[in-house]
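Thank you for making time for this today. I would like to walk slowly through one structure with you, so please have the sequence and the model open as we go.

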Amino acid sequence: MTRRRLVELGLLAPVAFVAARLLGSSDAHALELTPACDDHPTDPNALGPFFKPRSPKRHALRGPGVSGLPLLVTGTVLSTSCKPVAGALLDVWQADGNGHYDNSGFRLRGHQFTDRQGRYRLETVLPGLYPGRTRHIHVRAKAPGRPVLTTQLFFPGEARNNADFLFDSQLLVKWRRSTTAARHAQFDFVLKL
Ligand code: FE
């Protein structure tokens, strides 16, 4: 190999590297992010007064007559060893955009099970505020054959977060860039198995 050829290779290698990085980064947008996981299980939080058992099985809670800004919440249920948990139950209940719970029916209440990759998808609305509380969504999560974790999800940057004694920064969703009108929040649950 000539010296000139080596120089060419030396000059071309960084170009190839940068090109690969650029291609790689555009591909990465199409892929799910690798779930961030440590061995810290998701913190529990208060059940609150508005839980109702036997919610309908559905991942879409928003619909006609439900007030609030569209919100999509996605994520994965993982074990403390960072393995996806298939068939995990997620039971969700929340206030509508005006801060009201439906205590006579099942509006903004529903349960679903994670898919084979441990993923869930919740189509809902941004919960409104009500006296004494910051913005939150209630969730009960349960791996097959394991106890229920009762917890709540919170939203970053909310003025009331630090005034709410139930607020827990470990339970903050992450905002994701959204390609639709809906806000897209992401949260991975970690369950002790
Ligand atoms: Fe609540």
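Let us begin with T42, which sits in the loop between α1 (3-28) and β1, where helices (H or I, at least four residues) and strands (E, at least two) are DSSP runs, numbered from the N terminus. Before going further I should say that this is a predicted model, in which local features need pLDDT of at least 70 and side-chain atom pairs count only at pLDDT 80 or more, while totals for chains, interfaces and linings use all residues. Residues are numbered from 1 along each chain as its sequence is written, and side-chain values use heavy atoms, with hydrogens and water left out.

Is T42 buried or exposed? T42 counts as buried, because its relative accessibility is 10%, and buried here means under 20% relative accessible area, exposed means over 50%, and partly exposed is in between, with a 1.4 Å probe and protein chains only. If we set aside residues up to four places away in sequence, T42 touches L149, T151, L171, F187, D188, F189 and V190, a contact being heavy atoms within 4.5 Å. With V190 there is also a detail to look at, since a polar atom of the T42 side chain lies 2.7 Å from the backbone nitrogen of V190.

From T42 we can step across to two other residues. L78 is placed in strand β1, and this residue is buried, with a relative accessible area of 2%; L78 and T42 are 36 residues apart in sequence, and their C-alpha atoms are 9.8 Å apart in space. T150, which belongs to strand β6 (residues 149-154), lies 108 residues from T42 in sequence and 9.7 Å from it in space, C-alpha to C-alpha. T150 is likewise buried, at a relative accessible area of 14%, and, not counting residues up to four places away in sequence, it touches P44, N45, A46, L47, V139 and R140. In the case of R140, the two side chains are joined by a polar contact of 2.9 Å, where a polar contact is a pair of N or O atoms within 3.5 Å; within protein, one must be able to donate a hydrogen and the other to accept it, and residues adjacent in sequence count only if both atoms are side-chain atoms.

Next, please find E123, in strand β4 (residues 119-125). E123 is buried, because its relative accessible area is 19%, and its side chain makes a polar contact of 3.0 Å with the side chain of R121. Beyond its neighbours within four places in sequence, E123 is in contact with H59, A60, L61, R62, L71 and L72.

For a contrast in exposure, turn to A86, in the loop between β1 (70-79) and β2, which is partly exposed, with a relative accessible area of 38%. The C-alpha atoms of A86 and G118 are separated by 4.5 Å, although these residues are 32 apart along the chain. G118 is also one of the residues that A86 touches, together with T114, D115, R116 and P144, again leaving out residues up to four places away in sequence.

Now to the metal. Which residues coordinate the iron ion? They are Y101 (OH), Y130 (OH), H136 (NE2) and H138 (NE2), at 1.9 to 2.1 Å; donors are N, O and S atoms within 2.8 Å of the metal (3.2 Å for Na, K and Ca), and water is not among the atoms, so sites may look incomplete. Along the chain, the donors follow the spacing Y-x28-Y-x5-H-x1-H. Within this set, Y101 and H136 link distant parts of the chain, being 35 residues apart, with Y101 in the loop between β2 (89-93) and β3 (109-113) and H136 in strand β5 (residues 136-142). Both Y101 and H136 are buried.

Finally, the chain as a whole. The protein chain has one helix and nine strands, and 39% of its 193 residues count as buried. Among contacts between residues at least 6 apart in sequence, 71% join residues at least 24 apart. The mean pLDDT is 87, and 81% of the residues reach 70 or more, pLDDT being the predictor's confidence in each residue, from 0 to 100. Over residues 5-29, however, pLDDT stays under 50, and the model has three contacts beyond four places in sequence for them. Where pLDDT is low, the predicted coordinates should not be read in detail.
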